[in-house]
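Here is a friendly walk through one protein model, feature by feature. Keep the 3D view open and look up each residue as it comes along.

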Amino acid sequence: SDHMENICGYLMKYTNLVTGWQYRYFVLNNDAGLLEYFVNEQSRHLKPRGTLQLAGAVISPSDEDSHTFTVNAASGEQYKLRATDAKERQHWVSRLQICTQHHTEAIGKNNPPLKSRSFSLASQGSANSPGVQRRPSQNAVSFFNVGHHRLPTGKRVPIMQPDHLVDVREMMSQAEGQQRDLIRSIECLPASGHLTSLDQDLLMLKATSMATMNCLNDCFHILQLQHASQQKGSLPAGTTISWLEPKISLANHFKNGAAQNFPAEINKPASVREEQSIAEPCQLTREPEEINPDEELEDICDDKEDDLGAVEEQRSVILHLLSQLKLGMDLTRVVLPTFILEKRSLLEMYADFMSHPDLFVAITNGSGPEERMIRFVEYYLTSFHEGRKGAIAKKPYNPIIGETFHCSWRLPKSSVATDAGTNSSAHSPSEQLTPPKDAEGQAEPDCYTVKFVAEQVSHHPPVSGFYAECVERNMCVNAHVWTKSKFLGMSIGVTMVGEGVLHLLEHGEEYTFSLPCAYARSILTVPWVELGGKVNINCAKTGYSASINFHTKPFYGGKLHRVTGEVKQNMTNTVVCRVQGEWNSVLEFTYSNGETKYVDLTKLSVTRKRVRPLEKQGPFESRRLWQHVTESLRDGDIDKATEHKRALEERQRNEERLRAETETPWCTKYFLKDGDGWVYHKPLWKTVSATQTQQTDSN
């Protein structure tokens, strides 16, 4: 066609977060169906630095801006590219899409639609037989024979009607069975030789086939929804179809789906002896320790998790891990590789949700129950952005049972909003709320102090308890969270099971709240985080409640990180405030009187937490416990970090085994079991109640 023209020019190509964006010279070869790139135009006569086959590729303009787009090849390789402006992007995208469609259709003409497939491994003869000799240019997939069954000549494929869904289900069942056979065939390959079960191409095949079946089940469910809507009437205008969890179980498809134990270390280096020499936690003092805030210093650690280099280098390890998992598998007992870890514990991540203590303390200053509920919603929605360390989805350390984390924040009283007209989000981004100090280094009395403590109270299931209080404002929050992670194909879902309660003792109000789910998407390329699900905030005394929806990106269209919500008075069912925007960008609050308030999370001031130096921390405080792992990760020494991490995990397993043999229950330090939840041993509401009782008795 007239549009099948070879085009070339400079585009920016994203390499990783270390190297960043680089200008490269790209050439679209329509005849061969290739997208090639070179260092510059002068090196065009040399071998290309990279080549993508466009047949079966997906060309996607990015939602990030009007200049960026991605080319996702059928092989799984991805180019993230950026043009100089929107017009140039459209030019490249349209030409790439035309070329892609042409070569994809050409393949389709040579390979008609399949009614069924049959997979079988090539003949497995002796090591010297031609059947197992692998040529250098031959990839692993070519060792499979794919039988194509052609439709009878002259018969056209009928348009799919709703009543044909039964046939679709039957075809999918056949595909699932054939995929099981494929997986078994791969796993039966020898562990060594020219073609092994750990071949990188085969690992990719196992991982992507699993994701494909998940996607097919999602699509089938969408067809069912559309069929149901056609029976009731057409879908409403503007309806979007969201990504769905797998509706059809693939539970028994992968016999190797059980969690794999890493091989035991034969010779443990001296560098990990410290982790293994720490005594059994219950043999240490389990009495609660009163932390003196004056011993804490402003935190200087700033570990942004924006380095993708280690993930790219270890991609074969990720593929091997994915090949061992099955859809819906609970990842609680799966040991994940060290290079995907953040340089902090999960307990510290919960503390980082408190990085805007001025908004937290301002809640109780609301003039009425309506304003206090709205202020709590504002604080709640602004907490998640700072809780994430960078754009890359990495996993914090799984806390060891008995692990604790302590910190505090000091902020001037003048920084806290006192009435509806004071906007506490107006601080400049560079402004740090550092309290003034006197000559002895003590905080001045015109500062508020917010104290935080977290403890890992259970290992199986993994449950964390955390508590924060501001004594000066008679307010505290207590929460317990059970993290349940599941494998969803090309993403990982984490459900935060549990509940938190905010106590405003000055007003006698309690606000119960839950937490959204988190998803790590695109775990084979550039992993990123999104939040999803509906959470509720309720205050039984005042009758005010809030409903907040964290929207995952729809199947097509839509924006990333979108959140919507509303605050209402339950007795009258009146909505008093609506909120919309992105939880990591700008939030818009619209009040019942018509006023609108915008909160730009990227410009909110961050109060640095205060933490005791390592030498003053106990052996089971997070930073001291994980210090060798953290130092090794900062140095880029993944092997050494893995050694320290394994030593901690092995010690925890040994202690757990010993407690089981001696029938010794675990003793928590700061939190007590209360029904299905956990409560701080010395909460502010008990202290205030006891003080009031003493005052009453004295009178």
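How much space lies in the largest cavity? In this predicted model, the largest cavity holds about 220 Å³ of space. A search of the whole structure turns up three cavities of 30 Å³ or more. The lining of the largest cavity is made by 15 residues, and Phe-353, Tyr-379, Ser-383, Phe-466 and Phe-513 are the ones nearest its centre. Helix α9 (residues 369-387) supplies the largest share of that lining, with five residues. By character, the lining has 14 nonpolar residues, one polar and no charged.

**Sheets and strands**

Strands of a sheet pair through backbone hydrogen bonds, in either the parallel or the antiparallel sense. Here, an open sheet of seven strands has the order β4-β3-β2-β1-β7-β6-β5, with antiparallel pairing. Its edges are β4 (50-53) and β5 (58-61); each has a single partner strand, so one side of each is left without a neighbour in the sheet. From one strand to the next, the twist averages 35°. Inside this sheet, β1 (residues 7-14) and β2 (residues 21-29) run antiparallel and are joined by eight bridges. If you want to find one of the pairs, Ile-7 has Leu-28 in β2 as its bridge partner.

After β7 (78-82) comes the loop that leads to α1 (86-110), and Ala-83 is found in it. With a relative accessible area of 5%, Ala-83 is buried. Ala-83 is 17 residues from Ser-66 in sequence, and their C-alpha atoms are 8.8 Å apart in space.

Now move to strand β13 (residues 404-412). Nine of its nine residues are buried, so β13 is largely enclosed by the rest of the structure. Both of its faces are covered: Thr-404, His-406, Ser-408, Arg-410 and Pro-412 are buried on one side, and Phe-405, Cys-407, Trp-409 and Leu-411 are buried on the other. The antiparallel pairing of β13 with β14 (residues 447-458) extends over nine bridges, and Leu-411 stands opposite Tyr-448 of β14.

In a regular strand, side chains alternate between the two faces of the sheet. Which residues of β25 point to the buried face? In β25 (residues 596-600), Lys-597 and Val-599 point to one face and are buried, while Thr-596, Tyr-598 and Asp-600 point to the other and are not. Strand β24 (residues 586-591) runs antiparallel to β25, and five bridges join them; Val-586 has Asp-600 as its bridge partner.

**Helices**

What span should the 23 residues of α2 have? At 1.5 Å a residue, α2 (residues 165-187) should span 33 Å, which agrees with the 33 Å between its end C-alpha atoms. Among the buried residues of α2 are Leu-165, Val-168, Met-172 and Ile-186.

Helix α12 (residues 638-662) has 25 residues and reaches 36 Å from its first C-alpha to its last, close to the 36 Å expected. Its buried residues include Ile-638, Ala-641, His-644, Lys-645 and Leu-648. An α-helix has 3.6 residues a turn, so residues three or four places apart point the same way.

Helix α11 (residues 627-634) is largely enclosed by the rest of the structure, because six of its eight residues are buried. These are Gln-627, His-628, Val-629, Thr-630, Ser-632 and Leu-633.

**Residues with a positive phi**

Most residues other than glycine have a negative phi. The table gathers some places where phi is positive.

| Residue | Place | Phi |
|---|---|---|
| His-561 | loop between β21 (544-551) and β22 (562-569) | about 60° |
| Asn-573 | loop between β22 and β23 (574-582) | near 55° |
| Gly-594 | hairpin of β24 and β25 | near 95° |
| Gly-636 | just after α11 | about 75° |
| Glu-663 | following α12 | near 55° |

Is His-561 buried or exposed? His-561 is buried, because its relative accessible area of 13% is under the 20% cut-off. Asn-573, in contrast, is exposed, with a relative accessible area of 53%. As for Gly-594, its hairpin has four residues between the strands.

Key
Residues numbered from 1 in each chain as written. Predicted model: local features only at pLDDT ≥ 70, side-chain atom pairs only at ≥ 80, totals over all residues. Heavy atoms only, no water. 1 Å grid on protein atoms, 1.4 Å probe; cavity = no way out; pocket = protein on both sides within 12 Å on 5 of 7 lines; lining within 4 Å. Points joined across faces, edges and corners; volume = space filled by probe spheres on them. Helix = DSSP H or I, 4+ residues; strand = E, 2+ residues; numbered from the N terminus. Nonpolar A, V, L, I, M, F, W, Y, C, P; charged D, E, K, R; others polar. Expected span 1.5 Å × (residues − 1). Buried < 20%, exposed > 50% of the residue type's maximum accessible area, 1.4 Å probe, protein only. Pairing = 2+ DSSP bridges. Axes fitted to C-alpha atoms, helices over the stretch in contact; angles between N-to-C directions.
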